[in-house]
Amino acid sequence: MSASKSHVPATVGSGLRASRSGRPERVTVAVYAADPILRVGVVQQLRQRPEVDLSDEADADGAQVSLVVVDNVDDDVAALLHRLRLNSATRVGLVVGTLGSGALQRVIECGVPAVLRRAEADQDRLVHLVLATANGEGVLPGDLLGKLLSHVGSLQRSALDPHGLSLSTLTTREADMLRLVSEGLDTAEIARKTAYSERTVKNVLHEIITRLQLRNRAHAVGYALRNGLI
């Protein structure tokens with residue numbers, strides 16, 4: 001899946017406030033999906049609603065909402081979300097089939113505040129997601145909200161006690177990868193084991209080494225073992 005080619009944008013059109021004529025303005029939405037069947041299904045549902053208005057693909061970059069519809073969050077999807085985040089004209093919503101381990105954190109890191117599971121994406125929920133995203137509101141399924149609150153709580157505890165070493169010093173993904181390094185696995189083996197790309201594995205390990213001011217992977221493993229992080 002390629003963020004630049006496979007995710008074909010279809011746009012759906014602007015605003016939630018009333019226009020000068022007194023009519024409610026519509027929300028402009030660009031729909032990005034790697035699977036054309038998913039794209040058509042979402043566009044057909046949105047086409048029927050007065051809150052949205054389909055427009056040309058050429059207007060995608062100016063859409064008020066960019067709606068990304070995918071099976072899961074892989075490196076290409078994360079790259080697309082990062083790219084959309086750089087566009088100040090749009091806000092991003094995500095409709096996803098499954099969110100695996102660590103995927104919610106990746107989504108939050110990409111600045112996506114509104115997430116809907118594809119199995120729950122009926123017409124009303126899709127429109128609610130679009131309107132909430134346009135208003136800058138956060139939308140998460142209940143179980144994912146619980147996970148997010150737990151993650152935020154861990155970050156707050158770490159911030160309040162910056163010298164106290166605990167599991168919150170490393171994210172779950174970072175701890176898992178360091179644990180695999182400690183078992184003697186190389187980058188390719190870790191990538192296969194975790195279902196991440198080799199590039200992601202290298203980036204995660206580099207981030208650990210840089211953030212903790214360590215010399216290399218071996219030093220990072222030793223540090224983590226000494227402080228009970230893995």
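Here are a few short exercises on this predicted model, each with a worked solution.

Residues are numbered from 1 along each chain as its sequence is written. Local features need pLDDT of at least 70 and side-chain atom pairs count only at pLDDT 80 or more, while totals for chains, interfaces and linings use all residues; side-chain values use heavy atoms, with hydrogens and water left out.

**Exercise 1. Get an overview**

Find out how many helices and strands the protein chain has, and what share of its residues is buried.

Solution. Start with the helices (H or I, at least four residues) and strands (E, at least two), which are DSSP runs numbered from the N terminus. The protein chain has nine helices and six strands. Next, sort residues by relative accessible area: buried is under 20%, exposed is over 50%, and partly exposed is in between (1.4 Å probe, protein chains only). Of the 230 residues in the protein chain, 41% are buried.

**Exercise 2. Study one salt bridge**

Which parts of the chain does the pair D75 and R106 tie together?

Solution. Begin with the term: a salt bridge is a side-chain nitrogen of Lys or Arg within 4 Å of a carboxyl oxygen of Asp or Glu. Side chains of opposite charge can pair when their charged atoms come close. For D75 and R106, the N to O distance in the salt bridge is 2.6 Å. D75 belongs to helix α2 (residues 75–85) and R106 to helix α3 (residues 103–109), so this pair ties together parts that are 31 residues apart in sequence. Now check the accessibility. D75 is buried at 13% relative accessible area, and R106 is buried too, at 9%.

**Exercise 3. Look at other salt bridges**

How many salt bridges does the structure hold? Then examine R179 with D176, and D122 with R125.

Solution. The structure holds eight salt bridges. In the one between R179 and D176, N and O are 3.0 Å apart. These two residues stand three apart in helix α6 (residues 172–182), which means that about one helical turn separates them. R179 is partly exposed at 32% relative accessibility, and D176 is partly exposed with a value of 32%.

Move on to D122 and R125, whose closest N and O atoms are 3.1 Å apart. Here D122 is partly exposed at 34%, and R125 is partly exposed at 44%. Finally, a network of salt bridges links R49, E51 and D124.

**Exercise 4. Explore helix α9**

Work out which residues of α9 are buried, what covers them, and what caps the N-terminal end.

Solution. Helix α9 covers residues 217–226, and its buried residues include H219, A220, V221, G222, Y223 and A224. Their cover, judged by contact (heavy atoms within 4.5 Å), includes α6 and α8 (198–211). At the N-terminal end, N216 is the cap, with a side-chain oxygen 3.2 Å from the backbone nitrogen of A218. After α9 comes G228, with a positive phi near 70 degrees.

**Exercise 5. Find positive phi outside glycine**

Where do A195 and Q213 lie, and are they buried or exposed?

Solution. Take A195 to begin with: its phi is positive, about 70 degrees, although it is not a glycine. A195 sits in the loop between α7 (187–194) and α8, and it is exposed at 72% relative accessible area. Then turn to Q213, a residue other than glycine with a positive phi near 55 degrees. Q213 lies in the loop between α8 and α9 and is exposed at 70%.

Note on methods: Polar contact = N/O pair within 3.5 Å; in protein donor to acceptor, adjacent residues only side chain to side chain.
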